Amino acid sequence: MTGGWPPESGVTDEHGDVIYVDEYGERYVYEDDYAVEPSPPPAPNAWLGTVGKIAVALVAIGVAAIVIINLAPRLADVVAVERVASLPEGETAVVDVPLGSSAAQISELLEESGAIADARAFERQLRIEGVVEQLRAGEYTVVGGMTESEIIAMLVAGPPAPETYRLTVIEGLRIEETIASLAAQTPWTEQQITQALLSGEVTSPLLPDEIPDGVPAITAWEGLLFPATYDFVVDAAPEVILQRLATELQTRMSSVDWSQLRELGYTPYDGLIIASLVEKEAKLDEERPIIASVITNRLRDGIELQIDATVIYALGENPGRVLNRDLEIDSPWNTYRFQGLPPTPIGGVRSASLEAAAAPAETNFYYYVLIDTDGTHGFSETLEEHNAKVAQARRDGVLP
């Protein structure tokens, strides 16, 4: 042996090699006169690591296969979303999606209309894109050539806003004038609107149980359509228009406190009649409660109201100036001949008149007369005072 150190002791391993250990604890094999470092012995159970690696690889392959199998339909749908829907070019399908419809129901409606070919695939696509909770109810028109992705975008955006128009009903109109105004502003004729109002489809809890004999049935609706400005879709049926006006009047009536008038022995419907008289007589809002007080004071004391506006209503048209012979017309609306309130309102009213009728001012006035062209009235407790104001108003050119 050269370049080494002579072993003092050694052992022979199972291969016949002599193993020596130096002073540092290193193990050496004497081989061909050279000392070499032996390969470390194999770790216990080393074969298990190899098997484990193989098992992990197999599991990974299996998981990948499962994922691919599960994702394949969805991946197909992602690609399919860009395909053209089944509706032929040039054709359209109208789909009405009710409020509360599920994604599955919407998909079925689309398939039934011919807008799409496969409801289940379409529903899966909705879920993949995460828009199931964003679909909106309404009426949609699907045009031939649209892709499924375009249909989905349309359902998320919602149906186009319908074309609308605005109509205005002014205060003080009697029912026939209100109907004429509606006919002038809508696609419907006066006859169609009148028929709709009398069809029973338009309702109001304020409709009187009966009206005087010999008057048109439409008179029962006097004062029950609230004058205001409204927006309607262009194809709104006359029943829809009329019901909205009737409902608005109910809402305004409900917002008023009628307790004061009830204490005087009158119903809210009586209040509506009083409000219609105030509407015709008052020009200034601050005078409405005072005019209402004149009406309730005369009612309380059993004095005829003697309001010219009721005579004009009884005549059926405004003659421009009420003459003495007009005061003799035999009509329950003529408050010169008949005591108490007329049987119905004499026109549409605004909220200010309703509030005045519900809470008349506390006064001792029994008379009023126009004393200024700006609409101001002069109020009096006695007939003598009233006659003096009338004479002055004529001298001032306010009255003819």
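Start by selecting Glu112: is this residue buried or exposed? Glu112 has 65% relative accessibility, so it counts as exposed, since the bar for that word is over 50%. Keep in mind as you click around that this is a predicted model.

Now widen the selection to residues 103-113. That's helix 2, and Glu112 sits in it. Next, add Glu108, Glu111 and Asp118 to your Glu112 selection. Together, these four make a patch of negative charge on the surface. Try colouring by charge here, and look for Glu108, Glu111, Glu112 and Asp118 gathered in that patch.

Ready for a contrast? Jump to Ser380. Which strand holds Ser380? Select residues 377-380 and you've got it: strand 10. Ser380 has a relative accessible area of 0%, so it is buried; the cut-off for buried is under 20%.

What is Ser380 in contact with, once you leave aside its neighbours within four places in sequence? Show the side chains of Phe365, Tyr366 and Tyr367, then those of Glu385, His386 and Lys389: Ser380 is in contact with each of these residues.

Finally, zoom out and select the whole chain. Switch to cartoon view and you can hunt for 13 helices and ten strands. Of the 400 residues in the chain, 37% are buried, and Ser380 is one of the buried ones. Turn on the surface, too: the accessible surface comes to about 22,800 Å², and carbon and sulfur atoms own 52% of that area.

One last thing to look for is how the chain meets itself. Among contacts with a separation of 6 or more, 59% are between residues 24 or more positions apart.

Note on methods
Residues are numbered from 1 along each chain as its sequence is written. This is a predicted model: local features need pLDDT of at least 70, side-chain atom pairs count only at pLDDT 80 or more; totals for chains, interfaces and linings use all residues. Side-chain values use heavy atoms; hydrogens and water are left out. Helices (H or I, at least four residues) and strands (E, at least two) are DSSP runs, numbered from the N terminus. Buried means under 20% relative accessible area, exposed over 50%, partly exposed in between (1.4 Å probe, protein chains only). Contact means heavy atoms within 4.5 Å. Accessible areas come from the Shrake-Rupley method with a 1.4 Å probe; for residues, only the protein chains shown count as cover. Patches are made of residues with over 30% relative accessible area and no salt bridge: like charges are joined within 9 Å, nonpolar side chains (Val, Leu, Ile, Met, Phe, Trp, Tyr) within 5 Å. A salt bridge is a side-chain nitrogen of Lys or Arg within 4 Å of a carboxyl oxygen of Asp or Glu. Lys and Arg count as positive and Asp and Glu as negative; His and the chain ends are not counted. The place of a charge is taken as NZ of Lys, CZ of Arg, CG of Asp or CD of Glu.
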